[in-house]
Amino acid sequence: MLVVLVPDSWDAAHIAPGYDRLIGILVGMAVLEPVLLLGAALSKVRGAVTTPAAAQRSEAGGV
C-alpha cells in the first residue's frame, strides 16, 4: 500500500502492487473460510458431548 499511496514521485506511482496485495488478501480469505467453517462444524459436533469439567468452565465466574 505504501508503494501506491506514497510513491517517491507521482511519475513512479504504480497501481499493480496495490492490486497484488488486494488479490492476496482476498485469496487468503477464500482459503481460510472453509477452514473456519469446518472448525465451527466440528466444535458443534464435539460440543454435543459435554463433560463435567467443560460445564464448570462455562459457568459465570468459573476458571
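Start with the whole protein chain and colour by burial: of its 63 residues, just 3% count as buried. Keep in mind that this is a predicted model. Switch on the surface next, and you will have about 5700 Å² of accessible area in view, with 70% of that belonging to carbon and sulfur atoms.

Now change to a cartoon view. The protein chain shows 3 helices and 0 strands, so to speak an α-α-α pattern when read along the sequence.

Colour by pLDDT before going further. The mean for the protein chain is 76, and 59% of the residues reach 70 or more. Select residues 2–5, helix H1: confidence is lowest here, at a mean of 53, whereas H2 has the highest, at 90. Where pLDDT is low, predicted coordinates should not be read in detail.

Your next selection is helix H2, residues 16–47. Try a distance between its end C-alpha atoms: they are 46 Å apart, which agrees with the 46 Å that 32 residues should span at 1.5 Å a residue.

Where does H2 kink? Zoom in on Leu32, where there is a kink of about 25°. Pro34, a proline, follows shortly after the kink.

For the last stop, show side chains for Ile15, Tyr19, Leu22, Ile23, Ile25, Leu26, Val27, Met29 and Val31. Together they form a nonpolar patch on the surface, with about 910 Å² of accessible area. Click on Ile25 to link this patch to your earlier selection: Ile25 is a residue of H2.

Notes
Residues are numbered from 1 along each chain as its sequence is written. This is a predicted model: local features need pLDDT of at least 70, side-chain atom pairs count only at pLDDT 80 or more; totals for chains, interfaces and linings use all residues. Side-chain values use heavy atoms; hydrogens and water are left out. Patches are made of residues with over 30% relative accessible area and no salt bridge: like charges are joined within 9 Å, nonpolar side chains (Val, Leu, Ile, Met, Phe, Trp, Tyr) within 5 Å. Accessible areas come from the Shrake-Rupley method with a 1.4 Å probe; for residues, only the protein chains shown count as cover. A salt bridge is a side-chain nitrogen of Lys or Arg within 4 Å of a carboxyl oxygen of Asp or Glu. Helices (H or I, at least four residues) and strands (E, at least two) are DSSP runs, numbered from the N terminus. Buried means under 20% relative accessible area, exposed over 50%, partly exposed in between (1.4 Å probe, protein chains only). The expected span of a helix is 1.5 Å times one less than its number of residues. The bend at a residue is the angle between axes fitted to the seven residues ending there and the seven starting there. pLDDT is the predictor's confidence in each residue, from 0 to 100.
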